[in-house]
Amino acid sequence: LVLVGGALLNLTPCVLPMMPINLGLIGAGAGTRGRGFMLGGAYGGGIVLVYGGLGWLILRSGVFFGALQSSPWFSLSVALIFTVLALALFDVLLIDLARFMTRRENGRKGAAAAFSAGALSALLAGACVAPVVLAVLLLAGTLYAGGAREAQFLPFVLGLGMALPWPFAGAGLSVMPRPGQWMVRVKQVFGVLLALLAAYYFYLAAVGFMPAGRVAREGSIMAGDRAAWGLKLAQARREGKPLFVDFWATWCKNCAVMERSTFVDERVKARLAGYVIVKVQAEKPGESPAREMLRDFGIRGLPGFLVMRPE
């Protein structure tokens, strides 16, 4: 399932718009199907290294995966990258990756260029495929904690799935004729999509740079506020009830969806009536003191929910 899911990642909005550039890089100057297959394999190898290597490091080191995406600087960087790529697809700028692979270069240098391009494309696509990567990391973490040591390689399997089509694409494109005028219109459609994505990430960056409200929900406490946490814990002990802890942030879209749908459901309200509910606002999960609190409770993404008994 992870392998198939990795292959389907090629259909995400952040990957498909890169097709004209990536396919041009793999097919340009290949000459033969064998060489195209080799370049496609090198391109896929870069994808495997980025997703597999990054996922393995995160899994083994316990780095908070969502912290990167929660950073407004990350969103701003992605927005700028998408803007440049959109301008390139509208022929305002020229990004000629194929110049790194000419007929005069040997296969080793061409493979290195394809490998680097694959790694770069994986990094650029990370903003869109992060939910899938996070899900695989959580699955791998659960299995790994349960004694399945081989689960640490699931992120590599995900990268392998995403890399699978590229050797065959490289082999097929190596003997295809040059694209016609119709490709210009397709490229412009991709440019519009990238421009919309750039606008979306500029919006996320703007929201991220705005000062966060101290408390945005009734009864919420700030992550790392030991005094407020102690009062909630004392209340649970006094009433003899377990704690239901809800970690959230204003930038977390799923947190808002949960608040509008799940937590207003009468059946959910009835089930939670026997708990002391505490909402913990973790606006900056990658910074202290929120980072330490989320790490200690094993929360790897937002929203995060935890049930604790007061004893």
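This is a guided tour of one predicted model, stop by stop.

**Whole chain**

Start with everything shown. The chain has 311 residues, of which 41% count as buried. Colour by secondary structure: there are 13 helices and 4 strands. Now turn to the contacts between residues at least 6 apart in sequence. Of these, 83% join residues at least 24 apart.

**Helix α5**

Select residues 72–89, which form helix α5. Put a distance label on its end C-alpha atoms: they are 26 Å apart. The 18 residues, at 1.5 Å each, should span 26 Å, so the model agrees with the expected length. Next, show the side chains. Which residues of α5 are buried? They are Pro 72, Ser 75, Val 78, Ala 79, Phe 82, Leu 85, Ala 86, Ala 88 and Leu 89. Then step past the end of the helix to Asp 91. Its phi is positive, near 65°.

**Helix α7**

Move to residues 154–163, helix α7. Here 7 of the 10 residues are buried, so the helix is largely enclosed by the rest of the structure. Select the buried set: Leu 154, Pro 155, Leu 158, Gly 159, Gly 161, Met 162 and Ala 163.

**Helix α8 and a long-range pair**

Select residues 165–173 for helix α8, and pick out Ala 169 within it. Is Ala 169 buried, partly exposed or exposed? Its relative accessibility is 24%, so Ala 169 counts as partly exposed. Now add Phe 37. In sequence, Phe 37 and Ala 169 are 132 residues apart. In space, their C-alpha atoms are 7.5 Å apart.

**The largest nonpolar core**

Nonpolar side chains tend to be buried together in soluble globular proteins. To see this chain's largest nonpolar core, of 23 residues, select Trp 229, Leu 243, Val 245, Phe 247, Val 278, Val 280 and Leu 302. These touch the most other members. Which elements give two or more residues to the core? They are α10 (226–239), β2 (243–248), β3 and α13.

Centre on Val 245. Leaving aside residues up to four places away in sequence, Val 245 touches Trp 229, Val 278, Val 280, Gly 304, Phe 305, Leu 306 and Met 308. Another core, of 21 residues, lies apart from this one. Its members include Val 2, Leu 9, Ala 114 and Trp 166.

**Strand β1 and Ser 220**

Select Ser 220, in strand β1 (residues 220–222). Ser 220 counts as buried because its relative accessibility is 9%. Show its polar contacts. One joins the side chain of Ser 220 to the side chain of Trp 248, at 3.1 Å. In another, the Ser 220 side chain reaches the backbone oxygen of Lys 279 at 3.0 Å.

**Salt bridges**

Stay on Lys 279 and show its side chain. It meets the side chain of Asp 246 in a salt bridge, 3.1 Å from N to O. The pair links distant parts of the chain: Lys 279 is in strand β3, Asp 246 is in strand β2, and they are 33 residues apart. Are these partners buried or exposed? Lys 279 is buried, at 12% relative accessible area. Asp 246 is buried too, at 2%.

The salt bridge count comes to 7. Select Glu 292 and Arg 291 for one of them, at 3.1 Å from N to O. Glu 292 has 23% relative accessibility, so it counts as partly exposed. Arg 291, at 38%, also counts as partly exposed. Go on to Asp 296 and Arg 295. Their closest N and O atoms are 3.5 Å apart, in a salt bridge. Both residues are exposed. Finish this stop by adding Glu 259 to Asp 246 and Lys 279: salt bridges that share partners join these three into one network.

**Last stop: Glu 283**

Select Glu 283, in the loop between β3 (276–281) and α13 (290–296). Glu 283 is buried, yet has no salt bridge. Which side chain of opposite charge is nearest to Glu 283? Lys 284 is, and it lies 6.5 Å away. A salt bridge needs the nitrogen and the carboxyl oxygen within 4 Å, so this pair does not qualify. Show Gln 281 instead. A polar contact of 2.9 Å joins its side chain to that of Glu 283.

Terms used:
Residues numbered from 1 in each chain as written. Predicted model: local features only at pLDDT ≥ 70, side-chain atom pairs only at ≥ 80, totals over all residues. Heavy atoms only, no water. Buried < 20%, exposed > 50% of the residue type's maximum accessible area, 1.4 Å probe, protein only. Lys, Arg positive; Asp, Glu negative; His and termini not counted. Polar contact = N/O pair within 3.5 Å; in protein donor to acceptor, adjacent residues only side chain to side chain. Expected span 1.5 Å × (residues − 1). Core = buried A, V, L, I, M, F, W, Y, C linked by side-chain atoms within 4.5 Å. Contact = heavy atoms within 4.5 Å.
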